[in-house]
Every structure is written in structure tokens, then in C-alpha cells.
Amino acid sequence: MASYHCSVKVGAKGKAGPHASYISREGKYEKTRSNEKLEHVESGNMPKWAEKDPAQFWQSADQHERANGATYREIEVALPREMTPEQRVELVRDMVGQELGDKHAYTWAIHNPPASLEGGEQPHAHIMYSERTIDGIDRDPEQYFKRYNAKNTEKGGCRKDSAGTEERLLATRERWADVQNLHLERHGLNARVDHRSLKDQGTDRTPEPHFGPGRIQRMTATQDAELAAVLERRAAEGAKDRADAELGRSIIDLSGDLSAAKADRTRQQEATASLIEAKLARYESGVDAKLAAFEAKAAALQAERDRAAAIERQRIEQLRKAEQATALEKLLQERRIQQERTPQRAARPKSPVKDNGPELDM
């Protein structure tokens, strides 16, 4: 079952060379991820000085691009596992030609690691390209990445074309869905993808959480059950897709009456569709029941955690009050000891009042 993924990211200065080596599996990345297939690597639109060594282009971008400038932009897309490796290469080439044409230097690669959940293949492509546009002027590496000079283009670097606006990102995502569906249809595959969110598609379903290899290794019992529910739902949807494909490939027998054949085919389709819907409903009801049970367990676990936290807070408060009482008692004891050690001073007698006799009027 084809799945849709298309994301775009930008690389900062110093990241282009290492990232190009990573997607091409060169240098220190040559022997990493031995379980991941490198299906294809391709570069294009390189200047003359980098045609035979694309890595030099990305290293030069790191060296000569301005400090706060982007050295590359990357489109990462999921590829249909239903396609052969050759068909996937054809698909990515079509996407690169559509998005970049002859205006941007690029390097792209197809990786195919095993899927974390269901096993099998998980092909995807990294399309890495420079925002610098090609204008036919020969430039050495240093000048290529200089600031663009609108008045005298030969003295400046290549002009940048950033695709970072929201409108252009949405357009890229839509075009990827279109070109992927075109290739799926071209190769006789019934699967289709949609770049829109589930909400925009009118689908009342919560998006699946992402289960990467690291998360799967750290899963708790509740998360294991959640994973099982996700796999069960995928199996149901896959069964429905396969059944729909079989219905689409069914052939009318024209040897007899055409109307009768059409009516018979319609009855078969309706009967098969009813069975599929019933089976899917059973799957969904079972999944919903399991998810409800998991949510109840999760709620009970959270309540237990809250109760334990409340007990812990109460214990800490009691300890704090006990410590304060102990400190106060210690302070009072020190004061009593100090008072006992300090000698009492004798009271000084009051000075006698001197009588100067009666006052006289002058």
C-alpha cells in the first residue's frame, strides 16, 4: 500500500559536504547501515569544475557560501514499495526534472532500509540541490557562491532562488503526489497517494504515530498493544485495497449476452464489496475495542501514577516540616546554652538626684 511523505529541509554552512557523503554513502558513511540498500545515486547540472566530482561542489558550498547562507535544500520523499528499483529511479528522475530542470545543481539518492514495523522495504529518496540558479556564466568555485550582482552578473555569484515560502512548499507537495500517481498508473498499480492531511481529505481517523526503530526498542506493554492495533488496521486496509484491485481487473465475458454479463458482474462486485465492508467493519470494531481497552489501561495507569505522586508530595512536605521543626528546636537549644554560659551583669544603681535648693525669681 503506497504511502505519502514529502518533507523539505535546509542545510546550513558546513553541512553540505557531510550530507552529500551521507546520502551517497561515501567516505565514513560507506560502511554504515549495512542493512540499508543504496539503490541509486545521481548528480546533475554541475559546473565544469565539479562534473567529475560532485562532492567537490558541496565542499565548495561549505567553504565559500556566506556564513548565514543555506548551502543546500533537500526534498525527502517516500517511494512506493510496489515499484521495482528501476521504476523508482524513473520516478525520482521525473520529479527532479520537473522541480529542478536545468537550473539547479543536484545530487540525489535512493535508500531502501527494512521497515521498522512490518519488515519488507521502506524505499525513500533524498533530493539534495543548490538554491543557486545556473545562468550560463562560467564561474570558479569562489565566485559561484558569491553574492549575486544584479547590475553586473558576470562579477557576482549565481542568483539564489529559495523555495521556502509556504505556497511553494505546498505546491511541491502537490506536484509530488501528482507525479507519483502518474507513475503508479503507468505501471498498472492501483494504489494512489494524496498530499492533503486526513482532515482535509474528510477522513475521520487519527493519524498513526511514528514508530521508528528506536521507539520500537523502547516500547512498553501498552505501546506494544497500540502497535498491534495499527498493524491490524493496516492489514484490513490492505485487504480492501487488494480486493478493490481484483474488482478493477475483472473482465466481462462477452461470449454470451452482454447485458446478462454486465448484470452478473455487478452482482459479483456488490457481493464482494459487501463481504469486504463486513470484514473491514469487524476489523475496525475489534481495533476500536482494543484501543478502548488500551486507553482504559492507560487512564488507570495514569491515575495510579498521580496517586503515587500525591503520596510522594505529601511525604516530602512532612519531611520538610520535620526538618524545619528540628532546625527550630536546635536553634532554641543553642540559645538556651548560650544564655546559661553568659554571666548575669549586676544592676547598676541609679544616680542620686542633686538638690540645688529652691529656685529664686530674679
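## Around W176

Leave out the neighbours within four places in sequence, and W176 is in contact with Y4, H5, C6, V77, A78, L79, L91 and M95. Bear in mind as you look at it that this is a predicted model.

W176 also turns up in the largest nonpolar core, a set of 24 residues. Along with W176, the residues with the most contacts inside that core are L79, V92, W108 and I127.

## Who builds the cores

Several elements chip in to the largest core: β3 (72–78), α3 (85–99), β4 (104–112), β5 (124–133) and α5 (166–186) each give at least two residues. Helix α3 makes the largest contribution, with five residues. As background, nonpolar side chains in soluble globular proteins tend to be buried together.

There is also a second core, separate from that one, with 16 residues. Among its members are A20, A50, A61 and A105.

## The sheet

Now for the strands. Five of them make an open sheet, ordered β1-β3-β5-β4-β2, with antiparallel pairing. The edges belong to β1 (6–11) and β2 (37–44); each has a single partner strand, so one side of each has no neighbour in the sheet. On average, and ignoring direction, neighbouring strands are turned by 15° against each other.

Here is how some of the pairs line up. Strands β1 and β3 run antiparallel and are joined by six bridges, and G11 sits opposite Y72 in β3. Six bridges also link β3 to β5, again antiparallel, with R73 facing Y129 in β5. Between β2 and β4, another antiparallel pair, there are seven bridges, and S43 stands opposite T107 in β4. As for cover, β3 is mostly hidden, with six of its seven residues buried.

## Helices on the sheet

Which strands does helix α2 lie across? Helix α2, residues 54–64, crosses β2, β3, β4 and β5, and runs at about 115° to β4. Helix α3 packs on the sheet too, where it touches β2, β4 and β5. The direction of α3 makes about 155° with that of β4.

## The α5 helix

Helix α5 has 21 residues, which at 1.5 Å a residue should span 30 Å; the end C-alpha atoms are 30 Å apart, so the two agree. Its buried residues are T172, W176, A177, V179, Q180, N181, H183 and L184. What covers them? The cover over these buried residues includes β1, β3 and α3. Right after the helix comes G188, with a positive phi of about 70°.

## Two residues with positive phi

Two loop residues are worth a look for their backbone angles. R25 is not a glycine, yet its phi is positive, near 55°. You'll find R25 in the loop between α1 (16–24) and β2. Is R25 buried or exposed? Its relative accessible area is 9%, and buried means under 20%, so R25 counts as buried.

N45 is not a glycine either, and its phi is positive at about 60°. N45 sits in the loop between β2 and α2. With 23% relative accessibility, N45 falls between the 20% and 50% cut-offs, so it counts as partly exposed.

Notes:
Residues are numbered from 1 along each chain as its sequence is written. This is a predicted model: local features need pLDDT of at least 70, side-chain atom pairs count only at pLDDT 80 or more; totals for chains, interfaces and linings use all residues. Side-chain values use heavy atoms; hydrogens and water are left out. A nonpolar core is a set of buried Ala, Val, Leu, Ile, Met, Phe, Trp, Tyr and Cys residues joined through side-chain atoms within 4.5 Å. Buried means under 20% relative accessible area, exposed over 50%, partly exposed in between (1.4 Å probe, protein chains only). Helices (H or I, at least four residues) and strands (E, at least two) are DSSP runs, numbered from the N terminus. Contact means heavy atoms within 4.5 Å. Two strands pair if DSSP finds at least two bridges between them. Axes are lines fitted to C-alpha atoms, for helices over the stretch in contact, and angles run from 0 to 180 degrees between N-to-C directions. The expected span of a helix is 1.5 Å times one less than its number of residues.
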